[in-house]
Amino acid sequence: MTALTVLSAETPSLVQSVDWLALAPVVITVAVGLAVLIADLFLPERAKPALGWVSVAGLAAATATLLPLRAGDRSTFCLTADPAACSYTADHFALVIQFLVLAGALLTALLSVTAVRDARMPAGEYWFLLLSSAAGAALLPASRDLATLIVALEVASLPAFALVGMRRGDRLSSEAALKFFLSSVTATAVSLMGVSFVYAATGSLHLTQVADRLEDVPGQLDTLAMAGVALTLVGFAFKTAAVPFHFWVPDTYVGAPLPIAGYLSVIGKAVGFTGLILVTVIAFPAYSEIWGPALAVFAALTMTVGNAAALRQSADRPHSAVRLLAWSSVGQAGYLLVPIAAAAYSGRDQIGATVAYALMYAVVNLGAFAVAALVARTKPLNRISDYRGLYAERPLAALSLAFFLLCLAGLPPGIIGLFAKVTVFQSAVDAGLGWLAVVMAVNVVIALYYYLRWTALLFRAPEGAVEARTKAPWPVTAAIVLTGVTAVVLSGAPQLVLRVASGSLFPQ
């Protein structure tokens, strides 16, 4: 008995308690997704629209469970030998990104209720895939080991491939899904190789342990570690649509159902920049001299290529409105990368600027896609020229889109867009990246032209007689109103978002 007592005292327990409250946002999303998939097998066709509302309710419930977690001090799945090394941590950074992801998925679901019915897409599969992707995206910001990060990345990505190709029989949709799939799988394979190199050099997958062990890597493993750091970044840079990993974006957005294009533009980017933040500032600070300059160059190239391509979009080209939003999202990704690059030079508190900008961008970009989805109901080619005179036909939609575009441009009355850009600009200046701040300023001026050109078109006299206005589906109207009201509130009280940029999101 004494020997057993001594043995049990010396051997750490392998039994862990699971913090289900911390996991609730992810678990609820997964559970609702599985329930929808199973229910789809038994429900008659006429009752399947109810699956959409079940999904909306599930995402709303998952978002609500973030409220009791707002203290940001919960972790689970920690090592018994090192309680500080956990696989899941609900800190302030994770909670803010989970709110962005789940609220964005909720708006996407609202837009999808009508789209699924009109395009006659299979309801059960659609909602299961959307909820599965949202669950992976919500898991990723709380992941604190490389294995969980990669799993979360793939859980968020794999359903998205199928969602892009959900319009069966549509050639553009099939091509978009194939291009998205092949390029993403290649990027993930490269990242997995990088993770294996990092594990070989450090002997650990937990981000905090990796950071400690990279500080003192044996000389013979230094090259292996550097290669692992570089390769690991590739998959997340792809998700962020950073140049030169951006080529899939315009065709994918055009081929995807519009709600999914909006989802990819916001939640897909959230997955990318969240992964980049976690692997750079938490796991790889010892190699900041590698990833810092690389991300600065990526940021400059991304914003320049994205804005230059958006500038070249012809107003009469089919799907030019979606293509402009796609290239605009590439340019916006460049701005999101600036504070991450700055963190290599002036500390990880700079990350708050990226998160603040992402919150602003998520609201207004989803709003712009909501208006595009409304216009596409009567003008399926969705050309920029189709928006001429929109104010005469749909005043609320035109005013909302104009406000969203002004926020993206950073012009009053879109104050939140202006303040978010200033915050990102300041992070570059504080880090001593004056050249990057100059590149950003030039790109902001370039973007003003195409945003203002589209905005002015909304209020021009329509060509020909004004078409009889069809009634807008109320879920689409609700999505436009929600995003519009949120953007107005944030412009009136920008501190609601900017406070994220002023404090530390990670435990010290």
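This is a short talk on two helix pairs and two pockets in a predicted model.

Helix pairs to begin. Take H14, residues 351-376, and H17, residues 415-430. They pack at about 160°, with axes 9 Å apart. Angles over 145 degrees count as roughly antiparallel, so that is how H14 and H17 run to each other. Their crossing is left-handed. H14 brings Ala 353, Tyr 357 and Met 360 to the contact. From H17 come Ile 416, Gly 417, Ala 420, Lys 421, Thr 423, Val 424 and Ser 427. By class, that makes six nonpolar, three polar and one charged residues.

Next, H8, residues 207-214, with H11, residues 258-283. Here the angle is about 45° and the axes are 8 Å apart. H8 and H11 are therefore oblique. Leu 207, Val 210, Ala 211 and Leu 214 of H8 meet Leu 278, Ile 282 and Ala 283 of H11. The contact has seven nonpolar residues, no polar and no charged ones.

Now the pockets. The largest holds about 870 Å³ of space. It is lined by 26 residues, and the closest to its centre are Val 96, Phe 99, Leu 100, Ala 103 and Leu 359. Which helix gives the most to this lining? H4, with ten residues. H14, H19 and H20 each give two or more as well. The lining has 19 nonpolar, five polar and two charged residues.

The second largest pocket has about 520 Å³. Of its 21 lining residues, Arg 167, Leu 258, Ala 373, Ala 376 and Arg 377 are closest to the centre. H4 again gives the most, with four. H11 and H14 also give two or more. By class, this lining has 15 nonpolar, three polar and three charged residues.

Technical notes:
Residues numbered from 1 in each chain as written. Predicted model: local features only at pLDDT ≥ 70, side-chain atom pairs only at ≥ 80, totals over all residues. Heavy atoms only, no water. Axes fitted to C-alpha atoms, helices over the stretch in contact; angles between N-to-C directions. Parallel < 35°, antiparallel > 145°, perpendicular 65-115°, else oblique. Left-handed = near helix turned anticlockwise from the far one by under 90°. Contact = heavy atoms within 4.5 Å. Nonpolar A, V, L, I, M, F, W, Y, C, P; charged D, E, K, R; others polar. 1 Å grid on protein atoms, 1.4 Å probe; cavity = no way out; pocket = protein on both sides within 12 Å on 5 of 7 lines; lining within 4 Å. Points joined across faces, edges and corners; volume = space filled by probe spheres on them.
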